[in-house]
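Reader: Hi! I am new to protein structures and would like some help with reading one. Could we go through a few features together?

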Amino acid sequence: MLKLMLAGSVTGLAVALPGCGGGSGAGAGAFPVAGTNGPSTAGSPTGAPPPASQGVTAQKISSFTISVLPDTQFYPRYASEKMGELYQKLYSGIDPKYDNPFKTQTQWIAQNARLLKMPFTMHLGDIVDQSWYYTSEGSSPWSASTDLVGNGQIGNGQVTKEWELASQAMQVLEAARCPYSICAGNHDVGAIDSDMQWGPDWGVGVTGFANNDGYQDGGSHRVGLFEPYLQVFPTERAKRQATFGGRHSSGFHEYHVFEAEGNRFLVLSMSWRASDDAIGWANQVIQANKTTPVILVNHQLVGIGSDGKTAADTAYSNYMWDKLIKDNDQIFMAVSGHYHGSCTSTKKNSRGNDVHLMVVDYQMAYMGGNGLMRMFEFDLTNRKIIASSFSPWVPLKPAATLNEFDAAWLSDSNQSFALDMDFVKRFASFNPDFSVPDGSSDSNLTDVAKKLILTNYSQPPQKAAALPSGPDDYPKVDNTLAHWRFFNAAAAEGDLFPYQPGQQIQDVSPGGKNPVSVNTWAGQSGDLVWSKSHHPLSAAPGSLRFLNATKTRFSYFTTDANSALNVETFAKGYTIEAFVYIDAGFDATKNGWMGILYRLGARSNLPGFASDDGDCALMFAFSNLMEFQWEVAPVNQATNLTCWSGGVSAGQWLHVAIVNDPAASYATTMYVEGAPVLRNNTNMQGIQYVAPTQQLAIGCGQWAGNMSTGFLGSIGEIRIVGVPLTSDKWLTARAS
């Protein structure tokens, strides 16, 4: 049934909708109904709105919507030729008009904005991922004469530069006369001709804040730099939008005023690292529009806890609260990206009124975000702001590519929710004339959007997972080089690991030739503790907890000095699996880049590598951004290649598999909980080693020959196989 519903999804019935301005430009074309390949028997989204949801008042509703584009950075990066045009190759059956998620998002907005009463779109920054490739790839800046829609580049999928791909996506809105705000994130600024790719992150590990470090707009580190953002999205381009109000002199911050349901609203969009002068400008803008409610957009503002859904103050959010938000009663909500996940918090401003602070950023979700975006419905009649998160890209994917990780509409409480908002009462102090007009809709617009997304689309079924029947219920496979199971069936929960140098974890692979021994020189008793906790799909009925680990305190295990693993180059490919638990107390400043599995020895000792490169030839680590990193120096190459996961939440068991396949040009794919990540790599033939006596280390990293940053969490099992394995042979599968 699923195959029938989704096969050929982009070639079937299309819905004709005018653009925001009623024009016939590219944005007013046809958008495929989700999951169809022929005439639909379901109601067309262009027809009457769906019936009101159960429990919703039958009164006509006065409402409008705003769309939000969170951190699109990976879409243009991985749609670019430099990174292998991954979306186009992975989803080759999609109409080129929708061949990456960014273009699909703006096409969907342009073609449904009228139906959804959507007068405005907000981009949250990090438009691209690596802005400096703009000049190194020889791209030309955007200009008024560059009609990327009219000359066919929107549809042919041939333009490969990140900035050009991003420009194409946003020009869809311009062609449809759908106004938007844009802002520069940290990935969009200050990289060209500079030793800085991005400025330091104010929100990570910063206890105090002073806005004088030179990285804000106009600061000493950015004066004279070529800024692609200002070339691609110059002020002249912004001025062409009917809502445009003005920009700060730096060109990095702007505001727009739009009208909806007979009322005016102002969007104040602040780019990365707004200077004190820019904040002063923002205050002046608000004062010049004294009766207008304000939505603040800031690339980085509120942070997110390690669970991916709990809001956390940052040094910069506190600074912006004090300098801009708390004393401007007109600011009733602020939306930001940058931090991975989705969360909402509410604070009282100096007048005692609520300000809703929201973060939404899906870049670390499956497939670089999987086209997920946010929509806010402002239901004036029922006094609510309704937030919805969904992907117009997922329903367009070819049926054969869909899996249980594809979600077209998110239902978790931090993704789809409603906030109470009595608009008239909230705005009374500065706009006593704010009014709620007679409604014109029979149902809320969120229901209309949901039908647009889900018509003729079914969520792929979850795969049934078989739990292990016992400790031996897992596939035994040929070419297993080592298999370490970090559990002790005889130990009680919390028992200490015998903490003497040389205590071993046995290799349970056939022959058992590669045990690992504990190193205690940088740790203390109590750092290694037995536990009954384990991943539900791991047949090992326990794990070993690595506690108290930092950059200077750690306990770890190493192979023997004469182990064959130390010199294994993996000519037939490999499958590396690990069951790991990231401790809920993970702190990026203390635990970022903690090592899971390393091959020791600085790769600067390998032929052709830079002398100042202190990294190793094999690094399986967990980054300060809570990503899994697999980085190796392939054989016969003087370079390092990397696979990255998306950001994951601490406090949960995770299965990670890294599969290298010689039959696919040594393509390496990382899987987290069975989901293939987007940021993989090819031409990763084998793995180099520095010297036969340089061992493998488990539970700690190394840089420049010095051990550093121990693993904080638990390890259940690690298995190394000298060939690529399909998922039915992984440790998450069963023996029969």
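Author: Happy to! Let us begin with a term: two residues are in contact when they have heavy atoms within 4.5 Å. Please keep in mind that this is a predicted model.

Reader: Thanks! Which residues is Ser649 in contact with, leaving aside its neighbours within four places in sequence?

Author: Those partners are Ser306, Asp307, Gly308 and Met626. Ser649 itself sits in the loop that joins strand 28 (641-647) to strand 29 (653-661).

Reader: How many residues apart in sequence are Ser649 and Tyr581, and how far apart are they in space?

Author: In sequence, 68 residues separate Ser649 and Tyr581, while from C-alpha to C-alpha the distance is 10.0 Å.

Reader: Now to helices. What describes two packed helices?

Author: Two things: the angle between their axes and the distance between the axes. Take helix 4 (residues 101-112) and helix 7 (residues 162-175): their axes come within 8 Å and cross at roughly 5°. Angles under 35 degrees count as roughly parallel, so helix 4 is roughly parallel to helix 7.

Reader: Which residues meet there, in helix 4 and in helix 7?

Author: From helix 4 come Phe102, Lys103, Thr106, Gln107, Ile109 and Ala110, and they meet Ala166, Gln168, Ala169, Met170, Val172 and Leu173 of helix 7. Sorted by class, this contact has 8 nonpolar, 3 polar and 1 charged residues.

Reader: And what is the angle between helix 10 and helix 11?

Author: Helix 10 (residues 276-288) packs against helix 11 (residues 315-325) at about 40°, and the axes are 10 Å apart. Helix 10 and helix 11 are therefore oblique to each other. Where they meet, helix 10 offers Asp276, Ile279, Ala282, Asn283 and Ile286, and helix 11 offers Tyr319, Met320, Lys323 and Leu324. By class, that contact has 6 nonpolar, 1 polar and 2 charged residues.

Reader: One last feature: how many residues line the second largest pocket?

Author: The lining has 25 residues, and Glu404, Lys463, Gly674, Ser727 and Thr732 lie nearest the centre of the pocket. The space in this second largest pocket is about 690 Å³. Its lining has 12 nonpolar, 8 polar and 5 charged residues.

Reader: Which domains does that lining draw on?

Author: At least three residues come from each of domain 1 (63-138 + 154-455) and domain 2 (480-729).

Technical notes
Residues numbered from 1 in each chain as written. Predicted model: local features only at pLDDT ≥ 70, side-chain atom pairs only at ≥ 80, totals over all residues. Heavy atoms only, no water. 1 Å grid on protein atoms, 1.4 Å probe; cavity = no way out; pocket = protein on both sides within 12 Å on 5 of 7 lines; lining within 4 Å. Points joined across faces, edges and corners; volume = space filled by probe spheres on them. Nonpolar A, V, L, I, M, F, W, Y, C, P; charged D, E, K, R; others polar. Domains from an automatic or database assignment. Axes fitted to C-alpha atoms, helices over the stretch in contact; angles between N-to-C directions. Helix = DSSP H or I, 4+ residues; strand = E, 2+ residues; numbered from the N terminus. Parallel < 35°, antiparallel > 145°, perpendicular 65-115°, else oblique.
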